[in-house]
Amino acid sequence: MKCGSDLRDTLKSAIGDYLSITLITGKTYYGEVKRVETDYMSLELKLRGGKTTTTVIIPLAHIVTITL
């Protein structure tokens, strides 16, 4: 499945912003958009305590909703 360029363009304009993203699996992530590629994006999440971070790779085709 290919994702439209509108989604990619929207996410690229949100680099550095914090988003809440829900996937088709029902899982929701909240974090800072770090990178947007053709088929995926990376979202940086702060772990408990806010001192350490981890990065989640999310396929664009799995995104159901985005909340700014």
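**Exercise 1. Find which residue is the bridge partner of Ser20 in E2, and place the pair in its strands.**

Step 1. In E2, Ser20 has Tyr30 as its bridge partner. This is a predicted model, in which local features need pLDDT of at least 70, side-chain atom pairs count only at pLDDT 80 or more, and totals for chains, interfaces and linings use all residues. Residues are numbered from 1 along each chain as its sequence is written, and side-chain values use heavy atoms, with hydrogens and water left out.

Step 2. E1 and E2 run antiparallel and are joined by 5 bridges. Strands here are DSSP runs of E with at least two residues, helices are runs of H or I with at least four, and both are numbered from the N terminus. Two strands pair if DSSP finds at least two bridges between them.

Step 3. Another bridge partner in E2 is Thr28, which belongs to Thr22.

Step 4. The hairpin of E1 and E2 has 4 residues between the strands, and Gly26 takes a positive phi near 95° there.

**Exercise 2. State which rings form the aromatic pair, and how they are arranged.**

Step 1. A search of the whole structure gives 1 aromatic pair. The criterion covers rings of Phe, Tyr and Trp (its six-membered ring) with centres within 6.5 Å; planes under 30 degrees apart count as stacked, over 60 as edge-to-face and the rest as tilted.

Step 2. The ring centres of Tyr18 and Tyr30 are 5.8 Å apart and the planes lie at 25°, so the pair is stacked.

Step 3. Tyr18 belongs to strand E1 and Tyr30 to strand E2, so the pair ties together parts that are 12 residues apart in sequence.

Step 4. Tyr18 is partly exposed, at 35% relative accessibility, while Tyr30 is exposed, with a relative accessible area of 54%. The cut-offs are under 20% relative accessible area for buried, over 50% for exposed and partly exposed in between (1.4 Å probe, protein chains only).

**Exercise 3. Give the strand order of the open sheet, and say where helix H1 packs.**

Step 1. The sheet has 5 strands with antiparallel pairing, in the order E4-E3-E2-E1-E5.

Step 2. Strand E4 (53-59) and strand E5 (63-67) are the edge strands, each pairing on one side only.

Step 3. Neighbouring strands of this sheet are turned by 45° against each other on average, direction ignored. Axes are lines fitted to C-alpha atoms, for helices over the stretch in contact, and angles run from 0 to 180 degrees between N-to-C directions.

Step 4. Helix H1 (residues 5-13) packs on the sheet and touches strand E1 (18-23), E2, E3 and E5; the direction of H1 makes about 90° with that of E2. Contact means heavy atoms within 4.5 Å.

Step 5. Lys12 lies in helix H1 and is partly exposed at 46% relative accessibility. The C-alpha atoms of Lys12 and Gly26 are separated by 23 Å, with the two residues 14 apart along the chain.

**Exercise 4. Describe how the neighbours of E1 and E2 are joined to them, starting with E5.**

Step 1. E1 and E5 run antiparallel, joined by 4 bridges. Leu23 stands opposite Ile63 in E5.

Step 2. Strand E2 (residues 28-36) and strand E3 (residues 40-46) are also antiparallel, with 4 bridges. A hairpin of 3 residues joins E2 to E3.

Step 3. In E3, Met41 is the bridge partner of Val36, and Ser42 stands opposite Arg35.

**Exercise 5. List the salt bridges found in the whole structure, with the accessibility of each residue.**

Step 1. Side chains of opposite charge can pair when their charged atoms come close. A salt bridge is a side-chain nitrogen of Lys or Arg within 4 Å of a carboxyl oxygen of Asp or Glu, and the search finds 2.

Step 2. Lys34 pairs with Glu32, with the closest N and O atoms 3.6 Å apart. Lys34 is partly exposed at 39%, whereas Glu32 is buried at 15%.

Step 3. Glu37 and Arg35 meet in a salt bridge at 2.9 Å, N to O. Glu37 is partly exposed at 29%, and Arg35 is partly exposed at 44%.
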